[in-house]
Amino acid sequence: MSNIKNIGIMTSGGDSPGMNAAIRAVVRTGIYHGMNVFGIRRGYQGMIEGDIYKMHTTDVSNIIQRGGTILKTARSKEFMTGEGMAKAYNELKKHSIEGLVLIGGDGTFRGAVKFFEQYTMPAVGLPGTIDKDLAGTDFTIGFDTAVNTAVAAIDKIRDTAEAHDRIFIVELMGRDAGYIALNSGISCGAEDILIPETVTNIDEVLDKIAAGERRKKTVQLIVVAEGDDYGGAKEVHESISKRFPELDVRSCILGHIQRGGSPTYADRVLASRLGHAAVNALRAGNTQVMAGIMNNEVAFTPFDKVVKGNMPISEDMLDMIRVLSV
Ligand code: F6P
């Protein structure tokens, strides 16, 4: 067991539903074990500015069900500079912080890898991102909620699309990752799903729409991830309208709605489990790792491995898109 007494916690990058549940779990597990827990506001930027305060169990009352993050978040450019990192380290030392819990996504872990190449401090990460684009975990905190939000929205779009016999394109979040689009699209019976991990052949997409029209499909839904190589809803909409000027086409960009809202039970349990595990890992001296969930067990992966590889898209899911939309 390590004798770390003072730990800092922060959320960084894009917020995700369940971050508050994770903060609650870290604060309460830390205090339960006699630690002092310090909240660092606005991620690495708050670390640089010394925006740090001591947290009590009551600071995390009534937040398990809330989206966003009570610690606020930011994407700090300054932290990626040598000067920014030096300032951050000095502030941590000034506040007598001896260990860190970092909650965030890809950018957060890239920042951590750079920081710990130069500075020594025990740290454990938690995967907090709707994108689910981190290796070392089957799920990330916020992903389940984001997909459920997208599914609820697409189901509504299907109702109106069917009423008008329309083709609808729905653009979902995911600059570099298609997991939200893939899982939402499959859940909503989309005709096609376009994601950054696979090359989009627009002629194949258009041929599929033509086949659907021949079979008199009343709705055709195309789900596209914002980072697809062909483009987003706008580009796909233009191509469909150009080839089929007679069809009624509409598109919808769901945007940041996917990042907000009350976390699902799955995200609350995941966040609580990983927050609890992170503090125990710090106590046990198992550090510079991300706590994730693999095969329903808590698993720890070194920071540099988390950012190096994405979880591959399962082939069976890609095949399923073609088969189930006949
Ligand atoms: O947090 C991940 C994410 O929502 C991506 O899916 C999206 O591309 C990006 O953040 C949007 O970031 P911002 O809120 O800074 O525009």
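**Exercise 1.** In this predicted model, locate Asp131 and determine which side chain of opposite charge is nearest to it.

*Solution.*
Step 1. Asp131 is placed in the loop between β5 (123-127) and α5.
Step 2. The nearest side chain of opposite charge is that of Arg175, 6.3 Å away. A salt bridge requires a side-chain nitrogen of Lys or Arg within 4 Å of a carboxyl oxygen of Asp or Glu, and Asp131 has no salt bridge although it is buried.
Step 3. Beyond its neighbours within four places in sequence, Asp131 is in contact with Gly174, Ala177, Tyr179 and Ile180.

**Exercise 2.** Characterise the salt bridge between Glu191 and Lys217, and state for each partner whether it is buried, partly exposed or exposed.

*Solution.*
Step 1. The side chains of Glu191 and Lys217 meet at 2.7 Å, N to O.
Step 2. This pair links distant parts of the chain, with the partners 26 residues apart. Glu191 belongs to the loop between α6 (179-187) and β7 (192-194), and Lys217 to the loop between α7 (202-214) and β8 (220-225).
Step 3. Buried means under 20% relative accessible area; Glu191 has 7% and is therefore buried. Lys217 has 22%, so it is partly exposed.

**Exercise 3.** Identify the elements that are tied together by the pair Arg243 and Asp207.

*Solution.*
Step 1. Arg243 forms a salt bridge with Asp207, in which the closest N and O atoms are 2.9 Å apart.
Step 2. Because Arg243 lies in helix α8 (residues 233-243) and Asp207 in helix α7, the pair ties together parts that are 36 residues apart in sequence.
Step 3. Arg243 is partly exposed, with a relative accessible area of 39%; Asp207, at 40%, also counts as partly exposed.

**Exercise 4.** Determine which residues are joined with Arg42 into one network by salt bridges that share partners.

*Solution.*
Step 1. The network consists of Arg41, Arg42, Glu49 and Asp51.
Step 2. Within it, the side chains of Arg42 and Asp51 meet in a salt bridge of 3.0 Å, N to O.
Step 3. Arg42 counts as partly exposed, at 26% relative accessibility.
Step 4. For the whole structure, a search finds 13 salt bridges.

**Exercise 5.** Describe the surface patch of negative charge that includes Asp159.

*Solution.*
Step 1. The patch gathers Asp155, Asp159, Glu162 and Asp165.
Step 2. Asp159 is placed in helix α5 (residues 143-164).
Step 3. Exposed means over 50% relative accessible area; Asp159, at 55%, therefore counts as exposed.

Definitions and conventions
Residues are numbered from 1 along each chain as its sequence is written. This is a predicted model: local features need pLDDT of at least 70, side-chain atom pairs count only at pLDDT 80 or more; totals for chains, interfaces and linings use all residues. Side-chain values use heavy atoms; hydrogens and water are left out. Patches are made of residues with over 30% relative accessible area and no salt bridge: like charges are joined within 9 Å, nonpolar side chains (Val, Leu, Ile, Met, Phe, Trp, Tyr) within 5 Å. Accessible areas come from the Shrake-Rupley method with a 1.4 Å probe; for residues, only the protein chains shown count as cover. Lys and Arg count as positive and Asp and Glu as negative; His and the chain ends are not counted. The place of a charge is taken as NZ of Lys, CZ of Arg, CG of Asp or CD of Glu. Helices (H or I, at least four residues) and strands (E, at least two) are DSSP runs, numbered from the N terminus. Buried means under 20% relative accessible area, exposed over 50%, partly exposed in between (1.4 Å probe, protein chains only). Contact means heavy atoms within 4.5 Å.
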